[in-house]
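Student: I am new to this structure and would like a close look at a single part of it. Could you go slowly and explain the terms as they come up?

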Amino acid sequence: MKGTSSSNNILFFIVRNIFLLLLLTCHGANFAFAAAPVGGRGGKWDLLSSNIGITAMHMQLLNNDRVVIYDRTDFGASNISLPYGKCRYDQNDTSLKVDCSAHSVEYDVASNTIRPLMVQTDVWCSSGSISPDGSLVQTGGFNDGEKVVRVFKPCNGATSAICDWQEIPGALIQRRWYATNHILPDGRQIVIGGRRTFNYEFIPKTSWAHNAYSLPFLVQTHVPGVENNLYPFVFLNVDGNLFIFANNRAILFDYTKNVVVKNYSEIPDGDPRNYPSTGSAVLLPLNLQAQDQEVEAEVLVCGGAPKGSFISAQNHSTFLGALNTCGRVRITDPDPKWTMETMPLARTMGDMVTLPNGHVLIINGAAKGTGGWENGRDPVLEPVIYRPDNPLGSRFEVQNPSPIPRMYHSTAVLLRDGRVLVGGSNPHVYYNFTGVNFPTELRLETFSPSYLDSSFDYLRPQIISRAPQYTIGYGQHVPIWFTVPRVVDTNLVKVTMVAPGFNTHSFTMNQRLLVLASENMRQVGIKDYQINVVTPNNAKLAPPGYYMLFVVHQTIPSVGIWVKIQ
């Protein structure tokens, strides 16, 4: 798919030819909302590795289906050595001045293998984003890493000596520790906030934007001694402005003019949602199907901890119950109002992952306490699926539990095959494996939502293309062929594009799903179908770069393919 009308450059989809004969009697039934398999809660857990060498504090999926993972350099020696006898010599390190172990790894999804990577400066509690060329641009950290920019370029078959982190010292004007990044329509990144840093800046620097710019909203939402506004939730709105949520309220911000366009009302319960209270948030799917209407955007903020929780846990070892509420707001409304919903499980330090079918997975975290060293109790082992299009009161569904507690410093990211990669958990100042409530966690696992259950294979499109990746343009009409083992309900097929996000501290930066406009879907063979989709018409809807494209049939997604929009 090269973004052209030529039929020689379009996607071809080939059916897997899998039939579940037992289910053929269901032919003609309406599966608009494919349910969890019979027998109770949905979803399945699989252990991928019992020891990846580090704890997965930060994770980013790349467009070669590898995941960059890192923790921090001053945890002490990790459980995986640097290759070729390399060592890191750092007199500023607070743990080891000479460290021959790795604190970053690359996980290969296809081979289920780990490769050690080398970071030179401390990446603890940093931020990042995928640039339009597919490189991970990571910003800031702690100590000697707080003003460093690091770049990791995807590479296949390269040796560790070639394919590794590249560091740019002093590339940031201000220290960026607990900051948030977002990719912009012009391909730059904006880096917002951080501990005691009430401003923003851009990467890369340009002649017209080379300074740090004050953002008083971060001062207004800062609670002395507690903060509760670190890692602010940032989303690019459809008008090109930024929705920024910090503590318990939000603004719409025009970063090009340094002007607040709109102040949103405080979330109704008034409780804090950002670190260290540590809720999570997502931009709900952007529906582009009605081409003659303006695109609406909604944000969902879930979990966190009530006021006073951090001081109670930190100073008195009293762990208050986490929040069990979500606030949902249509940020494009002229007079936006919050709608509150109640989760089946209270949760702080949870992660929210947008799935290919537009549902949201809420996973990881604790039922008591807050983020921070030793501040959490009562792990929440059960994920929850949120279905945003269901009627209010029927959107949540509890899933099967993991056997592994995922507390502070846990992560979760969507993979191209529809699974969710889950790792991390280390609520300790150093690696600590014994004599603690929640030992440092080195295991890596996946959660497979119920749409991956084999009982739904007869509904599942399969995507196999001529090339591993395709380039598309904005506002283009692209025909797509696909096949499904059974008769397709043409009213229940959609095509989605999902941006891979950077996950840390219960927030996935740049996470974004678009439901593409489609037209003229028709059957072209016994099991073959064609659907014509229209790509997003501007970079405010879909910033340039790589996305995973899925065909979804009756809420059952195909395996995705990588597309690059530019």
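Leaving aside its neighbours within four places in sequence, which residues is Asp-164 in contact with?

Tutor: This is a predicted model, in which local features need pLDDT (the predictor's confidence in each residue, from 0 to 100) of at least 70, side-chain atom pairs count only at pLDDT 80 or more, and totals for chains, interfaces and linings use all residues. Residues are numbered from 1 along each chain as its sequence is written, and side-chain values use heavy atoms, with hydrogens and water left out.

Asp-164 lies in the loop between β10 (149-152) and β11 (166-168), where strands are DSSP runs of E, at least two residues long, numbered from the N terminus. Apart from neighbours within four places in sequence, Asp-164 is in contact with Lys-86, Leu-117, Met-118, Val-151 and Phe-152, contact meaning heavy atoms within 4.5 Å. With Met-118 there is a closer detail to look at, since a polar atom of the Asp-164 side chain lies 2.9 Å from the backbone nitrogen of Met-118. Asp-164 counts as buried because its relative accessible area is 10%, and buried means under 20% (1.4 Å probe, protein chains only).

As for confidence, the protein chain averages a pLDDT of 91, and 92% of the residues score at least 70. Over residues 1-39, however, the pLDDT is below 50, although this stretch has 91 contacts in the model beyond near neighbours in sequence.

Terms used. Helix = DSSP H or I, 4+ residues; strand = E, 2+ residues; numbered from the N terminus. Buried < 20%, exposed > 50% of the residue type's maximum accessible area, 1.4 Å probe, protein only. Polar contact = N/O pair within 3.5 Å; in protein donor to acceptor, adjacent residues only side chain to side chain.
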